[in-house]
Amino acid sequence: MGPFFLFLNGVFILGLLVLTYLHGRATRRLLRRAQGQVADLESQAMAKIAELQASYARILREIDERQQAEARLRESETRFAAFMQNVPGAAVILDAADTILYANETWREIFGAPPGTTPGDPGSAARWEVELNRQVREGGEALQHLETLERHGKTRYWLLTRFPIPPPDSGTPLVGVIGIDITARRVAEEALRESEAKLRRLAAQLLKAQENERKRLAAELHDELGHRLLTLKLRLEALEAELTPQLEAMKNEIQEMLKEIAATIAEVRRLYLDLSPGDLEDLGLTTALTALIDDFRALKKDLTFTVDLDDLDGLFPLPVQTAIYRVVQEALTNIGKHADPRRVSLTATREDGRLIFEIKDDGRGFDQSLTSRTKGTLGLLAMEERVRMLGGEFHLRSRPGQGTTITFTIPREESTDEPIPDRAGR
Ligand SMILES: Nc1ncnc2c1ncn2[C@@H]1O[C@H](COP(=O)(O)OP(=O)(O)OP(=O)(O)O)[C@@H](O)[C@H]1O
Ligand SMILES: [Mg+2]
């Protein structure tokens, strides 16, 4: 090999070296760029991973919150169901279209309507109930009505209360219905009403019988006792006239006896008038009451008695006038017996087709919780009953040491003793 080839070899090797060097530089540059890109990708990936981690944590948190909310919901539903199952009655919730959303056991058993029942299905709301639901939704207030159910051949009464429930999405309100079986109460009420009516009839009969008995006694007092006393008086007067002046002692004795007889006749007359208000039939209620008050005044001279009576004559038939007379008479008798007052007032006012009486004393008064009902006396009871029988109202106000006021009204119309019908008109 000659030197030329050696030289060429050298050039070639040099060229190779230069090329290798140049290639290495380019490769290093490329490598550096690639490294930079990798670092970029790496940091982007890291950011993405961080983002993913954050949203993963958020999702975990949301799942946790949802689970808690669901647990709370389940808890509240369990509580609600337990509560509704134990409500002493039937309960149901209806949606905006009156489809049953919820019904407790009792409702399902009594009305045979499970959740999902829509109007028209068996056991669903009747048309009039749908109308009530509409009123409840529109009016926003609860409504009550009575429903009669025939079960196993027996009638049962249910009191149903419907009320609006605001919906969660502020759309059409739901309707809640709670029904209570009031059969036992109604049966007891009816029995009570019946027995009250019986007692009232009995009281009316008793008061009538008492009035007749008073009349009979009065007649006997007047015709028998009064007459005999008068005859006795006349005979003694005749005997006295026959006596010679020498029989002075006997004369004095007869005069004493005559005084006794006169006092007895006066007492019989007082009893007679007490038993039979004769003035009433002949002279009318105003005069009869005035006479009654005058008698009372004569007995209790030291008290101030104020009277203000409207003209009461010709307003009522005789039995009503007698009843009014008896009520006033008992009120005055009670004042005389129990009150020891300084002032008494009696007013009778005609107002709006009725008569209002007020009898007031400033005497001892009494504890109203210990009245006739507890004491077994009859006066106040009879007063109240007489007023009731005439369709009027009777009020008594009394406190120990603060006097007593009795107010009663007598309507001009005929009294109606019918029981007040309930909401269902039954
Ligand atoms: N004006 C009054 N002032 C004070 N106490 C009164 C008055 N009126 C009634 N009372 C009390 O109320 C009670 C009941 O009255 P009520 O007229 O029913 O019975 P009474 O007068 O005791 O007996 P009676 O059956 O003979 O009327 C009385 O016993 C008395 O204690
Ligand atoms: Mg009395």
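Analyst: Before we start, a quick definition: two strands count as paired if DSSP finds at least two bridges between them. Also keep in mind that this is a predicted model.

User: OK, so which residue in β10 is the bridge partner of Lys360?

Analyst: Start with the strands: β8 and β10 (residues 404–411) run antiparallel. Eight bridges join these two strands. Within that ladder, Lys360 has its bridge partner in β10, and that partner is Thr405.

User: And on the other side of β10, which residue stands opposite Thr405?

Analyst: β10 also pairs with β9, in the antiparallel sense. That pairing runs over five bridges. The residue standing opposite Thr405 there is Arg397.

User: What is the strand order of the open sheet that these strands form?

Analyst: β8 is joined to β10 by eight bridges, and strand β7 (residues 343–351) is joined to β8 (residues 354–361) by eight bridges too. The edge strands are β6 (304–309) and β9 (394–398), each pairing on one side only. With mixed pairing overall, the five strands come in the order β6-β7-β8-β10-β9.

User: Which residue in the turn between β7 and β8 has a positive phi?

Analyst: β7 and β8 run antiparallel, and one of their bridges puts Leu346 across from Ile359 in β8. The two strands form a hairpin with two residues between them. The turn residue with a positive phi, about 45°, is Asp352.

User: At what angle to β6 does helix α7 run?

Analyst: Helix α7 covers residues 285–299 and lies across β6 and β7. Angles here compare N-to-C directions on a scale from 0 to 180 degrees. On that scale, α7 runs relative to β6 at about 175°.

User: Let's move to the other sheet. Why is one side of β2 and of β3 left without a neighbour?

Analyst: This is an open sheet of five strands in the order β2-β1-β5-β4-β3, with antiparallel pairing. β2 (100–103) and β3 (143–151) stand at its edges. One side of each is left free because each has a single partner strand.

User: How many bridges join β3 to β4?

Analyst: β3 and β4 (residues 154–165) run antiparallel. One example of a partnered pair is Thr148 with Tyr157 in β4. The bridge count for the two strands is nine.

User: How far apart do the C-alpha centres of the two domains lie?

Analyst: The protein chain is divided into domain 1 (84–181) and domain 2 (284–418). Taking the C-alpha centre of each, the separation is 52 Å.

User: Which element gives the largest share of the shell around ligand 1?

Analyst: The shell has 18 residues, with Asn334, Ala339, Thr377, Gly379 and Leu380 the closest. Elements giving two or more residues are α8 (318–339), α9 (372–375) and α10 (379–389). By class, the shell has five nonpolar, nine polar and four charged residues. The largest share, five residues, comes from α8.

User: In which element is confidence lowest?

Analyst: The chain has a mean pLDDT of 87, and 95% of its residues reach 70 or more. Over residues 414–426, though, pLDDT is below 50. Where pLDDT is low, the predicted coordinates should not be read in detail. Among the elements, β10 is highest at 97, whereas the lowest, at a mean of 64, is α9.

Note on methods. Residues are numbered from 1 along each chain as its sequence is written. Chains are lettered from A and ligands numbered from 1 in the order in which they are written. This is a predicted model: local features need pLDDT of at least 70, side-chain atom pairs count only at pLDDT 80 or more; totals for chains, interfaces and linings use all residues. A residue is near a molecule or strand if its C-beta atom, placed from the backbone, lies within 6 Å of it. Helices (H or I, at least four residues) and strands (E, at least two) are DSSP runs, numbered from the N terminus. Ala, Val, Leu, Ile, Met, Phe, Trp, Tyr, Cys and Pro count as nonpolar, Asp, Glu, Lys and Arg as charged, and the others, Gly among them, as polar. Two residues are in contact if their C-beta atoms, placed from the backbone, lie within 7 Å. Domain bounds come from an automatic or database domain assignment. pLDDT is the predictor's confidence in each residue, from 0 to 100.
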